[in-house]
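Q: Could you walk me through this model, beginning with its sheets and then moving on to the helices and a few loop residues?

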Amino acid sequence: MAISLQEKQINALKRMLNFNQPITKATNAEPQWKVLIYDRFGQDIISPLLTIKELRDMGVTLHLSLHSDRDPIPDVPAIYFVMPTEDNIQRLCRDFQNQLYESYYLNFISAISRQKLEDIAQAALQANAVQQVCKVFDQYLNFISLENELFTLRHQDRDSISYYAINKGDVKDTEMDVIMESIVDSLFSVFVTMGVVPIIRCPKGNAAEMVAEKLDKKLRENLRDTRNSLFTSDGVPGQFSFQRPLLVILDRNLDMATMLHHTWTYQALAHDVLDLKLNRIEIEEIIEDGSHASSPARKPRTKKKVYDLSARDKMWMAQKGHPFPEVAEAVQEELNNYRQEEGEVKKLKAALGLEGEDDTAISMLSDNTARLTSAVTSLPELLEKKRLIDMHMNIATALLEQIKARKLDTYFETEEKMMSRASLNKSLMDIISDPEAGKPEDKVRLFIIALICGPPMSEAEIDQYCVALQGANCDISAVQYVRRWKSYSKLQAPASQYTGGGISSTSMFSGLLSKGSQFVMEGVKNLVVKGHNLPATRIVDALMDLKSLPDSEDFRYFDPKLLRADATSVPRNKTPFQEAYVFIVGGGNYIEFQNLMDYVKSKSTPSMPKKIVYGCSDLVNASQFLKQLSHLGQEI
């Protein structure tokens with residue numbers, strides 16, 4: 001199997017922590033102690049990839065933020081992992097003056113300019129620290145890989161490259177250039193890390209095209225400069241085959257509905273409802289404190305718990321794309337298995353505690369020696385299993401509370417029906433005016449999806465709905481923005497755009513209710529979605545398999561390896577692509593990511609594996625996206 005983007009980024013970080021030397025068995029056995037200094041961007045890149053234990057194993061005794069107050073540690077080398085910003089460089093120069101560390105290894109997350117490099121050299125001279133600055137590296141790691149097939153550009157300061165920043169009415173050309181440059185810089189880092197030069201496709205006339213043009217130019221310039229090219233390993237072709245990957249850059253405006261859609265799969269629900277960020281979830285849990293806990297007057301005390309959801313958690317990896325009811329059943333099943341294993345260990349204890357030289361005790365002892373050994377060895381494993389089951393129990397319970405309180409199953413079902421143009425059980429107006437149904441933002445999300453995907457509405461009808469929404473305490477500025485966006489955009493989402501999935505309700509959680517489950521599922525629909533492709537997935541499918549699709553007919557084609565680039569260059573490849581990178585300018589979410597993963601699963605065969613990596617400028621959940629739309633609406 002080819003090495004994934006995430007593994008390549010981890011390897012690059014490990015090499016950096018080993019003073020940019022290849023890692024050998026010797027360095028693994030006895031690492032040199034060091035201090036790691038990062039800024040907020042560096043922290044976001046490292047935290048989903050390396051645990052504190054792994055950092056310690058690499059010899060990092062201390063990891064500190066660049067802008068915190070740090071004491072001098074004169075006999076230890078320091079590895080810096082920071083963005084080459086003005087503030088960071090001034091702080092770095094202060095460190096030289098204060099002689100904080102024995103030696104300095106400077107690693108910049110993205111390339112540092114000549115001017116700033118001279119500033120550092122100047123400061124090192126003044127501080128008499130030239131000998132101490134051992135290495136200066138451009139790492140080209142300016143992106144955050146959250147999973148093998150998922151990356152996002154940034155988490156800190158992500159508002160500067162958000163949908164709002166790109167689409168606001170008064171954005172200046174210079175601001176737009178800065179946004180595009182920072183997106184291109186990160187995408188460039190992704191392909192330097194992968195060591196491949198992609199073929200780029202994008203639609204015409206929007207932000208995606210600007211990114212594609214600039215990225216093509218940047219890759220081209222780097223390939224020309226043969227002495228310093230970052231893609232020198234020409235002998236190593238694409239990872240899967242002799243073919244290079246395809247990079248499809250799309251604009252968020254292609255599909256607004258998915259960003260506001262209520263969802264039903266585990267990971268996307270966690271993002272939508274519990275604000276999963278950088279593979280972490282925070283949940284408020286109620287602490288029972290004895291006698292007073294039940295008195296209605298007192299508010300229950302809560303404490304925040306943070307859970308890490310990593311690729312090491314097999315259950316998370318297996319279940320994250322599944323519908324919530326299936327996940328609840330799987331968690332329940334795991335719990336039952338665990339209890340069974342725990343029961344066996346308890347039985348053993350009882351057997352070994354028998355008094356007297358009882359025959360049964362003797363005979364059981366001989367049988368049980370082997371079983372006891374295995375029980376002792378499997379204890380840590382059992383405890384870890386228990387921790388993971390508890391964690392998923394708590395997350396699933398928190399999700400279930402929200403599903404019930406906000407009737408999320410009804411919203412999901414209604415929206416799926418709208419997208420597939422089926423008839424609704426309950427009219428849109430009924431849901432909007434029902435005080436029990438969800439939060440105000442749920443209603444606005446539902447209505448915007450109806451506006452984009454549902455049957456066309458007259459202005460008067462829309463006004464009527466707006467009055468009803470305001471009556472239900474909703475802020476309708478987002479609706480006003482979408483109205484204007486719809487009237488401007490050529491993309492009156494055509495009927496073909498959302499080939500809906502259709503939904504069927506299967507028998508009510510039969511497996512769960514019979515086993516005396518932890519989850520009280522009554523009143524929640526067990527919805528099973530039939531697979532369907534979202535607009536982004538359909539375009540990627542057409543471009544990878546060279547099919548013709550009206551939406552992607554006039555996509556532009558860039559090949560940075562061609563000597564002469566012109567706007568008329570036509571696609572040259574005649575064989576379908578096996579590997580694609582899909583990048584959304586203006587934000588993405590887990591629904592779209594999951595849809596692409598399901599598509600790859602259905603298309604791959606053992607002899608012809610396909611691979612898609614999904615990236616976006618930032619991962620935004622529906623309420624964050626709705627806020628951006630409201631801001632845009634207020635500016636109209």
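Q: What is the strand order in the open sheet of seven strands, and is its pairing parallel or mixed?
A: The order is S6-S7-S16-S15-S9-S8-S14, and the pairing is mixed. Strands and helices here are DSSP runs numbered from the N terminus, with at least two residues (E) for a strand and at least four (H or I) for a helix, and two strands pair if DSSP finds at least two bridges between them. Please keep in mind that this is a predicted model, in which local features need pLDDT of at least 70, side-chain atom pairs count only at pLDDT 80 or more, and totals for chains, interfaces and linings use all residues. Residues are numbered from 1 along each chain as its sequence is written, and side-chain values use heavy atoms, with hydrogens and water left out.

Q: Which are the edge strands there?
A: They are strand S6 (144–147) and strand S14 (556–558), each of which pairs on one side only. From one strand to the next, the twist averages 20°, where axes are lines fitted to C-alpha atoms, for helices over the stretch in contact, and angles run from 0 to 180 degrees between N-to-C directions.

Q: What about S9, how many of its residues are buried?
A: Six of the six residues of strand S9 (residues 246–251) are buried, so S9 is largely enclosed by the rest of the structure. Buried means under 20% relative accessible area, exposed means over 50%, and partly exposed is in between, using a 1.4 Å probe and protein chains only.

Q: And which residues sit on each side of S9?
A: Leu246, Val248 and Leu250 are on one side and Leu247, Ile249 and Asp251 on the other, and all of these are buried, which leaves both faces covered. In general, the side chains of a regular strand alternate between the two faces of the sheet.

Q: Which strands does S9 pair with?
A: S9 pairs in the parallel sense with strand S8 (residues 199–202) over three bridges, and with strand S15 (residues 579–585), also in the parallel sense, over six bridges. Within these pairings, Val248 of S9 is the bridge partner of Arg201, and Ile249 stands opposite Phe583 in S15.

Q: Moving to the helices, which strands do H8 and H9 lie across?
A: H8 lies across strand S7 (150–152), S9 and S15, and runs at about 165° to S15. H9 lies across S8, S9, S14 and S15, running at about 145° to S9.

Q: At what angle do H8 and H9 pack?
A: Helix H8 (residues 173–194) and helix H9 (residues 207–224) pack at about 55°, with their axes 9 Å apart. That makes H8 oblique to H9, given that angles under 35 degrees count as roughly parallel, over 145 as roughly antiparallel, 65 to 115 as roughly perpendicular and the rest as oblique.

Q: Which residues make that contact?
A: Contact means heavy atoms within 4.5 Å, and the residues involved include Met176, Met180 and Phe188 of H8 and Met210, Lys214 and Leu219 of H9.

Q: Back to sheets, what is the order in the one with five strands?
A: That open sheet has the order S2-S1-S3-S4-S5, with parallel pairing. Strand S2 (60–65) and strand S5 (133–138) stand at the edges with a single partner strand each, so one side of each is left without a neighbour in the sheet. Seven bridges join strand S3 (residues 73–82) to strand S4 (residues 101–108), with Ser103 in S4 as the bridge partner of Pro77. Helix H5 (residues 86–97) lies across S3, S4 and S5, and runs at about 165° to S4.

Q: Is Gln99, in the loop between H5 and S4, buried or exposed?
A: Gln99 counts as exposed, at 52% relative accessibility. Its phi is near 45°, a positive value in a residue other than glycine. As a general point, most residues other than glycine have a negative phi.

Q: Last one, where is Pro323, and what does it touch?
A: Pro323 is in the loop between helix H12 (314–319) and helix H13 (324–352), and it counts as buried at 18% relative accessibility. Not counting residues up to four places away in sequence, Pro323 touches Trp264, Thr265 and Leu527. The C-alpha atoms of Pro323 and Thr265 are separated by 4.1 Å, although these residues are 58 apart along the chain.
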